[in-house]
Structure formats: structure tokens, C-alpha cells
Amino acid sequence: MGRRDSLSLAKVDWVMVLLYAALVLIGWSNIFAVTYDPQADQSIFDMELNSGRQMIWIICSSILLILPIMVIDFRFYESFSYVIYAVFLLVLLSPFVLGSEINGSKSWVKLGALQIQPAEFAKFATALCLARYLDRPQVKLNQLKEQLVVAGIIGLPAIIIILQNETGSTLVFSAFIVALYREGLPSWIPVLGLIAVALFVLTLFVPQMYLLIAFSILAVVAFAYVMFNERTVMRKVRMTGLIVGALALMAGEVSGVNFFINNILQPHQQVRIKALINPEYDPSGFGYQVIQSKIAIGSGGLSGKGFLQGTQTKFDFVPEQSTDFIFCTIGEEHGWTGSVFIISLFVALLARIIYRAEQQRTPFTRVYGYCVAGILFFHFTVNIGMTIGLFPVIGIPLPFFSYGGSSLWSFTILLFIFIKLDAHRSQVIGRTLYT
């Protein structure tokens, strides 16, 4: 392994550590606010409340972050990244044998009183494997072979998770596109993905016939442009083929959205799509959660109702408010000001991770840093988007904030592995880690 891992605490990025601590502690106080009963003599340390149990998860997380920073050699993560990936693939299979079903998802393993979701830990394992593979000098992401290998690394755990009926955790794996794009993935691939997503969402709100007419008009305009501006016959034929192909793909996607929703998605997933389109259509049914969430956030106004004073929170109007909808508590009790403050903390953490990633001397740590940023950004954006009705409810936690041991532990490990690697960037010479 080469020279011993001698870490000076002065080299640790304490800005990231402090931002992490602030988010965890503020999240803890808001978990207490969700379950607080003014008629009872309750404490944030009460083990009968989610806040008391979250305190245990926080203490365990503190122990977990000590391991990657102070104990485990920084070179371990690159040397054993493939092994870590393989081990967590096996762990990911455990719910099929030992799992219990929660909210329609068989992705949890019950160990006594403790429930663990292996899908949460597969994220950092995949990030390490991806970083190790892209660290090889011969890997060029503009080559189809390398793109297929990378797709396999990301897709294998994603397929296992989707088979456990855990759609939200599966979608998180799309966040790795951030790291791939930074490392040279052709821009047309993420652009094509964004167009496909935009068309899917647009089809939910605009009648299909209107979209097909609009596409046809655009195709005619594009065809006319090609005919008048391209000089050679071969260029005209090639561009016309591209236009026809693009029109066929867009029309096919638009036409297939209804079939996908009605025949592929499961009933609870169909309900979430309906709640996104028009939650007011069934305010006491599938639209209830989103409507109550928006009421809670909107009622906070500019400065909020005050800590422990949220009425929507206090009377349990919003389901899953300690987990998926924890941001409602911020909006109601601390208002627009508190919401902006929390968002600013997340943005500051993401910016710091990217800044540090760009300072790395090896692709391994840089890629891993961008994977961390991509995963946190996806969770942060989608979770808050769910609470205000911009995204369908897919059941993913707000990092460091939501109640639960699996999510807090996995995000802690994910972040602090990067902090550990970053603290040793001065020990790296060229592309050689072991100096």
C-alpha cells in the first residue's frame, strides 16, 4: 500500500464538515417539530419520538464518519472499489430473500428492531466503481464500448432496485450523468435524455394531437431550411433522414406515454402521476398529500409561524412529514426566509464539493466528487420539488434532513469518503495514488 496514511486534521475541508453538521442538526430539530405535542411533556431526546430515534442515527453516523476520516487508509477506496461494488451488489439482492414490504416496496431488510434499505448504500459503492473505471487513462467516453461498460456499472444496481419496486431510488442513478458529462461524455447524450424527459412531462399536460401537429410543423420548417441552405444532394438526404427520424422518435414517445402510464406503471405510480397533473381533481384522495404540503409551505408566509408552532405539522395533516415531506416543516414554521436559508446551505455544500472536485490531481477523486454532487443534487431538487408539486411523489429523502437511519448513514458515508480523499490530494503525484 505504500506510505502510511498520515492525515492532518488541518487538511480536512471543515467547510464541508460544518455544512454537513448544520444540515443534520437543523433536520433533527425539524423532525422533533413534526412529532411535537404541546399537550404532552416532550423532549427532543424522547426515545418514543422520531427525534429521539434520529438522535441514535446521528450518533451512529458520527461514528461512521470517524472511520473514513481517521481510520481507513485513503488508498483503500481506490484499491477495493470493485470489491466494494461487488459486495454491495450481493447485499442489494438480500431483500429478495430477507426483505419485508413497506409501502409497496420490497427493498427493506429487517434486523431485529432495525430496518435497513440496501439501495441507499448502493449509491456510494457505484460511485466508487465508476470513479475507478474512469480513472484508467485508456477510457474515452466518446467510444461506444466505454459507454456500454459505464451503462452496465450504473444499470446493474438500478435494475436490481427497480425489481424491488423502488422507483425513486432507481431514478437517483441517473444523477451519475453529471460525472460522466464532466469526464467527456458526448453532450448529445444528456441533451437527448433531457428532451425525452421534457417530452414525457409535456405529454402529461398537453393533448397528444396538439403535440403531433406542432412536431409536424417543426419538421416542415426544418425540411424547408435544409432544402434552401444545404448545397449538396448528400447533405440534403442526410439531414432529411435526421429530421424524419427525430419526428418519428418524438411522435412514438408522445403516442406511447398513455400506454406506459396505464399498462406499465403500477396503480400507486399511476396515482402519483395523476397527483402531479391535477391534485385538485381528488383533493381527499391521490391529491391530498401534495395539496396539504403546499398549504403548509404557503401558510408560513415570509417568516413562518415559529418553531413548534406549525398547525399543519402539529395536527398531522401532511403524511410522511418526517421523511419525504420534511421540507414542509421548514416552509410552515420558518417561512420563505427559513426555506431560502436551508436551500442556501445545500447549494453551498454542492458548490464546495464541485470546487474541491476540480482541485483533485487524479480522475478517481474528481469523478467520485462529481458523483457525490450529482446524487445530492438529485435528492435535494426532487425532494423539494415533490413538496411544492413540481415533481411526482417518488419517495426519496432530503439528504441529512429526513428521518431514517439508512439515508443518513448512506449520505454520511458518501460525503465523508470524498472529504477523506480530498484531504490527501497533496499526496498524489501525477496519476499515481501511492506515493
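**A tour of rings and hollows**

Across this structure, which is a predicted model, there are 12 aromatic pairs to look for. To begin, select Tyr20, Phe400, Phe411 and Phe416 and show their side chains, since these four residues make up one aromatic cluster.

Next, turn from the rings to the empty space inside the protein, where two cavities of 30 Å³ or more are found. The second largest cavity, with a volume of about 30 Å³, can be located by selecting the residues of its lining, namely Tyr85, Phe88, Leu89, Leu92, Ala122, Ala125, Thr126 and Pro157. Which helix gives the most to this lining? Colour α4, residues 81-93, and you have the helix in question, for α4 contributes four residues. Then add α6, residues 118-134, which, like α4, supplies at least two residues of the lining. By residue class, the lining of this cavity consists of seven nonpolar residues and one polar residue, with no charged residue among them.

For the last stop, move to the largest pocket, which holds about 1700 Å³ of space. A good way in is to select Leu171, Ser174, Gly193, Val197 and Phe378, which, of the 45 residues in the lining, lie nearest the centre of the pocket. From there, widen the selection to the helices that each supply at least two lining residues: α7 (144-163), α8 (167-172), α9 (177-182), α10 (188-205), α13 (267-277) and α17 (363-387). Give α10 its own colour, as this helix gives the most to the lining of the largest pocket, with 10 residues. Finally, colour the lining by residue class, and you should find 36 nonpolar residues, eight polar residues and one charged residue.

Key: Residues are numbered from 1 along each chain as its sequence is written. This is a predicted model: local features need pLDDT of at least 70, side-chain atom pairs count only at pLDDT 80 or more; totals for chains, interfaces and linings use all residues. Side-chain values use heavy atoms; hydrogens and water are left out. Rings of Phe, Tyr and Trp (its six-membered ring) pair if their centres lie within 6.5 Å; planes under 30 degrees apart count as stacked, over 60 as edge-to-face and the rest as tilted. On a 1 Å grid over the protein atoms alone, a cavity is a set of points where a 1.4 Å probe fits but cannot get out, and a pocket is an open set with protein on both sides within 12 Å along at least five of seven lines; lining residues have an atom within 4 Å of a point. Grid points are joined across faces, edges and corners, and a volume is the space filled by probe spheres set on the points. Ala, Val, Leu, Ile, Met, Phe, Trp, Tyr, Cys and Pro count as nonpolar, Asp, Glu, Lys and Arg as charged, and the others, Gly among them, as polar.
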